[in-house]
Amino acid sequence: MSNELAVIEARIRDAGKLANVSDDLVELITKPIRVLEMSLILKRDDGQRSLFSAWRAHHSDVLAVDGMKGGFRIAPDVNRDETVALAAGMTIKTALVGLPLGGAKGGICADPKLLSESEIDRLVRLYARGLNPHLGETGNLTDIPAPDLNTNPHHMAIFADEISRLRGGLVAGCVTGKPTELGGLPGRLSSTGFGVCALAELAAGSLDGLLVAQEGFGNVGRFAARTAHESGARYVTIYDTGLGGCLYSKAGIDIPALLEIVDEHGPRAFEFYASQRGAEFGDFSWRDELLKAGGAIDLFLPCAASQTVTHGAAEKMVALGLKYVSEGANNPTTPEADREFLENGVVLIPDVLANAGGVAGSYMEMSKAASMSIPTEHETLEAVRGILTTAWEHVTSACDAYGTKSLRLAGDALAISKIAAAHKVRGW
Ligand code: NAD
């Protein structure tokens, strides 16, 4: 079993104990209901064939009145256990924020950097074809995927197009996070990053003047940065392996300018920004750089990959005066780093709460299709803020009720108690 899966299973067991759920029910909640494993055979641009492994985990449908939700990613380290761990995270997340959805997740083990755009599109079509029999019936879909690492609205459109070809008619509701031309929701794309900052604001009172460090400047990271910047926060550093490494400026990074440069210059964006604006750029450790310079950070936003925040990284950030962490990425913090933050009074908003704006936005995309209404981006984001604020209040109250300062443990315990209650009312 991978570390990530072992960690989330241990979290569910700890939460179950705290919420006083019986051991047999906790074991039932821990395990996925099914995991699909597929071999996708892709015909490459040069005519050769390559084989890619892919998975979809349906973790829990006990609360899935409107289906199971979870993104699918394309990355070289995707594997079965990671997919199951991420699906378990979705089960906790949807229960915690009170959405009538179950938890799922998917992934294709492939390095998108080594594939052409049309090869990636064909891989997404193969994935859709493999999943098609397991998504439920048109009009009553039971698994509705969404974007995740290295997948975006374009890939959702390709997925929906393939399902539509297979089933006949336009089955746009088989995914969320679609382009607006295909029934996507204004504000769904920005909802995850927006929520990451809305929660940081609830924890800190205000983001105005806070010094920020961030990992990842993709879908989640870009919109987190836009929101934090608009709320008056100052970015000291952003680290993104796909954009050239670390960008660092003690005077602060101009986020609107950086967003434009990323659109224009892609992987060389940080280099271009640094040369134009006098910032530092390169493959160095921003934590060491800041410590040497006697710098400080107040807020850390991990918005990239899993398990990037190690104990050593946490120790350095504590020494830099860190006060708040809002986890945009799923599972970015190792348990040792988590303990380090807790022991040093750093308020950590866990992924199952911090990035739940994404699934809340997805749920609104599904509701919009059902009600045929067209909200604006502002209306979507304010509704997301409402859902997250209620969840924040429930989790902070749960901290008092369960006698813990850990928002992660209290949130997990609250979610597991709701899932256990649903199992009981269904007679399990
Ligand atoms: P993305 O592919 O759009 O962006 C990820 C960015 O992180 C890219 O710019 C990439 O270059 C960078 N990156 C990758 N590995 C890195 C590393 N080790 N260190 C620094 N930078 C790295 O993906 P995304 O949709 O923004 O997802 C990011 C995280 O947020 C994932 O953990 C995902 O599961 C989680 N998440 C996404 C959503 C969503 O709506 N897209 C919702 C909830 C959670």
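Biologist: Is the crossing in which H7 passes H8 left-handed or right-handed?

Modeller: This is a predicted model, numbered from 1 along each chain, where local features need pLDDT of at least 70, side-chain atom pairs need 80 or more, and totals for chains, interfaces and linings use all residues. Side-chain values use heavy atoms, without hydrogens or water. Helices are DSSP runs (H or I, at least four residues). H7 passes H8 in a crossing that is left-handed (near helix turned anticlockwise from the far one by less than a right angle).

Biologist: Are H7 and H8 roughly parallel or roughly antiparallel?

Modeller: The axes (lines fitted to C-alpha atoms over the stretch in contact) of H7, residues 219–230, and H8, residues 255–265, come within 9 Å. They cross at roughly 155 degrees. Angles over 145 degrees count as antiparallel, so H7 and H8 are roughly antiparallel.

Biologist: Which residues of H8 make the contact with H7?

Modeller: Contact means heavy atoms within 4.5 Å. H7 brings Arg-222, Ala-225, Arg-226 and His-229. H8 answers with Ile-255, Pro-256, Leu-259, Val-262 and Asp-263.

Biologist: What is the relative accessible area of Gly-193?

Modeller: Gly-193 is found in helix H6, residues 188–204. Gly-193 touches Val-220, Phe-223, Ala-224 and Thr-227, leaving aside residues up to four places away in sequence. Gly-193 is buried (under 20% relative accessible area), at 0%.

Biologist: How far does H15 reach from its first C-alpha to its last?

Modeller: H15 spans residues 377–402, which is 26 residues. Its buried residues include Leu-381, Leu-388 and Trp-392. At 1.5 Å a residue, 38 Å is expected (1.5 Å times one less than the number of residues), and H15 comes close, at 37 Å.

Terms used: Helix = DSSP H or I, 4+ residues; strand = E, 2+ residues; numbered from the N terminus. Buried < 20%, exposed > 50% of the residue type's maximum accessible area, 1.4 Å probe, protein only. Axes fitted to C-alpha atoms, helices over the stretch in contact; angles between N-to-C directions. Parallel < 35°, antiparallel > 145°, perpendicular 65-115°, else oblique.
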